[in-house]
Amino acid sequence: MKISAIICAAGRGERAGFDKNKLLAPLLGSPALFHTLEKFDLPAIDEVVVASSPADIDEVRALCAPFNYIVTTGGATRTESVYNALKECTGDIVLIHDGARPYVTKETIEGCISCVERSRSGICAVPVTDTVAVSDGGKIADVPDRGKLFALQTPQGFFTEDIRAAYERAIGDGRAYTDDSAVYRAYIGQPTLCEGSRDNIKLTYKSDFVKTYPAVNAAAGQAIGIGTDIHAFGKEQDYVTLCGVKVPHICGLIAHSDGDVPVHALMDALLSAAGLKDIGHYFPDTDPAYSGADSLKLLAEVVSLIGAHGFKPLNVAVTIRAEKPRLAPHICAMQHNLAEVLSLPESSVGVSAGTAEKLGFIGRGLGIEADAVALLERKPEAKQ
């Protein structure tokens, strides 16, 4: 039988606290969604349909291009998004998966397919190990037997004709669901559980991404911060901007500002070291004032901001990863630009570049990623 898969990527993930769709935030050197897309690039899967919000569709298409996945526009709710994607599916069986579960394994996916082939449905789940309480006004009203409780995951698999009919009825009734098994149970029948994995976690909060790692040495009056950023190619221009240098390339990076990846990573490192919020808080991509903004000017604002909190840069290092364009001829100019904005000697500013050896999102030539480390010094007048 032909197997389709739907990956839901049309949400915003507001609980994660990013200034954009959490699935486009960096995770292990690539957008989180890229890891999920990669997991479904299997012989067992014949087609993949990805539901994206209109705001993110260009970047999602860029991520899906190497896999030849279909991208469709999602709706205002998860129910509408899945329904739109189901219209594109041509398989006999369909697996529906959350884009925010990038750690799903080949074994889990194939186990879900096998369960559907046997039972017409397969809902990945793991037994609940903690005691679960039912709350009533902040008080425990009931404690169910955890031996009968399971935490539902995705993928959730069904015969396509069954789940499509169920969603058509749900849409017709004006009902919204957050889980596909609930739609199936409401209109078709009891779905069958199959084995999930405790590693198949859902990215929900910013801490799940481990984006920055602040560490302060109060005794020495110094602070260290780490930042990372990533952008996909796709903007119609003939250069990319890196550390303020316009490097010729066949296209630009998709971003609200000028897409200066290493500068964005450095800004986050500086803010992190000073114990402040990330750049999305101070320069949100929902603010038209920052559309196409010069990131070096934003970096200067960050330097002023950390200065107001008693810190100044002491040493910084930036690493850029890209398969293309070639960056070696531009490193000195990048180093000079950063040193000038940070009021540091060039010997205190490190800029390096490398490839990803054809591995992952960067290795496929889909974008550029950068990491930065910043060492701050507490100003003498600010020391305790």
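Leaving aside neighbours within four places in sequence, which residues is D180 in contact with? In this predicted model, the answer is R78, V82, I96, Q156, F158, I163 and Y167. D180 itself belongs to helix α6, which covers residues 180-187. Its relative accessibility is 0%, so D180 counts as buried. One of its partners deserves a second look: the side chains of D180 and Y167 are joined by a polar contact of 2.4 Å.

From here we can follow the charges. D180 is a member of a network of salt bridges that also links R78, D98, R101 and K202. Within this network, D98 is a good residue to pause at. The side chains of D98 and R101 meet in a salt bridge, with 3.8 Å from N to O. D98 also forms a salt bridge with K202, where the closest N and O atoms are 4.0 Å apart. That pair links distant parts of the chain, as D98 sits in strand β6 (residues 93-98) and K202 in the loop between β11 and β12 (215-217), 104 residues apart.

How do these three residues fare for exposure? D98 has a relative accessible area of 10% and is therefore buried, the limit being under 20%. R101, at 9% relative accessibility, counts as buried too. K202, by contrast, reaches 34% and counts as partly exposed.

The model has 12 salt bridges by the rule used here. Another of them brings together the side chains of E323 and K358, at 3.7 Å from N to O. E323 lies in the loop between β17 (311-321) and α10 (331-342), while K358 lies in the loop between β18 (349-354) and α11 (360-363), so this bridge ties together parts that are 35 residues apart in sequence. K358 counts as exposed because its relative accessibility is 63%, and exposed means over 50%.

Now let us turn to the nonpolar interior. The largest nonpolar core has 49 residues, and the members that touch the most others are L270, M334, L338 and L342. Helix α7 (residues 261-273) gives this core its largest share, 9 residues. A second core, separate from the first, holds 47 residues, among them A32, I57, V60 and C194. To see one well-connected member of the largest core up close, try M334: apart from neighbours within four places in sequence, M334 is in contact with L242, C243, V245, V247, I320, L327 and V351.

Nonpolar side chains also appear at the surface. F150, L152 and L193 form a nonpolar patch there, and together they have about 250 Å² of accessible area. L193 is placed in strand β11, residues 193-195. With a relative accessible area of 43%, L193 is partly exposed.

A last stop is E80, in helix α3 (residues 78-86). E80 counts as partly exposed because its relative accessibility is 33%. Not counting residues up to four places away in sequence, E80 touches G75 and I171. For a sense of distance across the model, compare E80 with H330: these residues are 250 residues apart along the chain, and their C-alpha atoms are separated by 47 Å.

Definitions and conventions. Residues are numbered from 1 along each chain as its sequence is written. This is a predicted model: local features need pLDDT of at least 70, side-chain atom pairs count only at pLDDT 80 or more; totals for chains, interfaces and linings use all residues. Side-chain values use heavy atoms; hydrogens and water are left out. Patches are made of residues with over 30% relative accessible area and no salt bridge: like charges are joined within 9 Å, nonpolar side chains (Val, Leu, Ile, Met, Phe, Trp, Tyr) within 5 Å. Accessible areas come from the Shrake-Rupley method with a 1.4 Å probe; for residues, only the protein chains shown count as cover. Helices (H or I, at least four residues) and strands (E, at least two) are DSSP runs, numbered from the N terminus. Buried means under 20% relative accessible area, exposed over 50%, partly exposed in between (1.4 Å probe, protein chains only). A polar contact is a pair of N or O atoms within 3.5 Å; within protein, one must be able to donate a hydrogen and the other to accept it, and residues adjacent in sequence count only if both atoms are side-chain atoms. Contact means heavy atoms within 4.5 Å. A nonpolar core is a set of buried Ala, Val, Leu, Ile, Met, Phe, Trp, Tyr and Cys residues joined through side-chain atoms within 4.5 Å.
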